[in-house]
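Visitor: I'd like a close look at a single helix in this model and at what surrounds it. Please follow the contacts outward from there, and keep the cut-offs in view.

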Amino acid sequence: MTIKYYDANADSFCESTFHLDLGEIRKRFLAHVPAGGRILDAGCGSARDALAFKQASYTVTAFDACLPMLQIASKNLGQPVLHMRFEDVSFQEEFDGIWACASLLHVAKDSLPQVLTQLKAALKPGGALYVSFKYGDKERIKSDGRYFVDLNESAFHALLAQCPGLTIEEEWVTRDNRPERASEKWLNAILIKKRS
């Protein structure tokens, strides 16, 4: 089970990902978020990105489902991190931006439309949602027990067709930042919540 993996490996996972340079992707996302706006880091992991947003004078709320991970994240971020799952998100039009970096890929595929709908509800009209998935078109369970949903452009568009009110602002493919995984690709997208 995915959460058990992160419960058992929170320290090593945070150490291996905290210093990855996602500055260029954050910059693309922040181009759609007003200066000083409110950002939700959804599935924040080590709080690497939440901290970068906070240091750039955004108001940050972060959550993670893994208790050992959020304890590390709270320390890194210098503020409490919420213990919750994507399915628990119930905010209503509170955020200018939501950052879901390499986190939604652990949500069961048949639950993704509902989770995206909940994230959309948490955004203010015109708000931006960043998402990333490992590139592919299948569900899989790795040997370590982690569940993944891989999406390519066509699979991602089929998912979004079930979530009216979110439009693709940008969509692009990147290589994994970790040298040992340079052959792996990621699908990135910035979605905008339609204004009423």
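**Helix α2 and its surroundings**

Guide: Let's begin with helix α2 (residues 23–30), where Ile25, Arg26, Phe29 and Leu30 are buried, buried being under 20% relative accessible area, exposed over 50% and partly exposed in between, with a 1.4 Å probe and protein chains only. These four span an arc of only 135° around the axis, which means that they sit on the same side of α2; the arc is taken from the directions between the helix axis and the C-beta atoms. As a rule, an α-helix has 3.6 residues a turn, so residues three or four places apart point the same way. On the face of α2 turned away from the buried side you will find the exposed residues Glu24 and Lys27.

A word on the model: it is predicted, so local features need pLDDT of at least 70 and side-chain atom pairs count only at pLDDT 80 or more, while totals for chains, interfaces and linings use all residues. Residues are numbered from 1 along each chain as its sequence is written, and side-chain values use heavy atoms, with hydrogens and water left out. Helices (H or I, at least four residues) and strands (E, at least two) are DSSP runs, numbered from the N terminus.

What does the buried side of α2 pack against? Its buried residues meet β1 (38–42), α3 (48–55), β4 (95–100), β5 (123–134), β8 (166–175) and β9 (185–193), where contact means heavy atoms within 4.5 Å.

The strands among these partners belong to an open sheet of 7 strands with mixed pairing, in the order β3-β2-β1-β4-β5-β9-β8. At its edges are β3 (82–83) and β8, each pairing on one side only; two strands pair if DSSP finds at least two bridges between them. β8 and β9 pair in the antiparallel sense over 9 bridges, and Glu170 stands opposite Ile190 in β9.

The helical partner, α3, lies across β1, β2 (59–64) and β4, and runs at about 170° to β2. For such angles, axes are lines fitted to C-alpha atoms, for helices over the stretch in contact, and values run from 0 to 180 degrees between N-to-C directions.

Now back to α2 and its charged buried residue. Arg26 has 16% relative accessibility and therefore counts as buried. Its side chain meets that of Asp49 in a salt bridge (2.7 Å, N to O), the criterion being a side-chain nitrogen of Lys or Arg within 4 Å of a carboxyl oxygen of Asp or Glu. Because Asp49 lies in helix α3 and Arg26 in helix α2, the pair ties together parts that are 23 residues apart in sequence. Asp49 is buried too, at 4% relative accessibility. In general, side chains of opposite charge can pair when their charged atoms come close.

The structure holds 11 salt bridges. Another one involves β9, a strand that α2 packs against: Glu93 pairs with Lys193, with the closest N and O atoms 3.7 Å apart. Glu93 is in the loop between β3 and β4 and Lys193 in strand β9, 100 residues apart. Glu93 is partly exposed at 44% relative accessibility, whereas Lys193 is buried at 11%.
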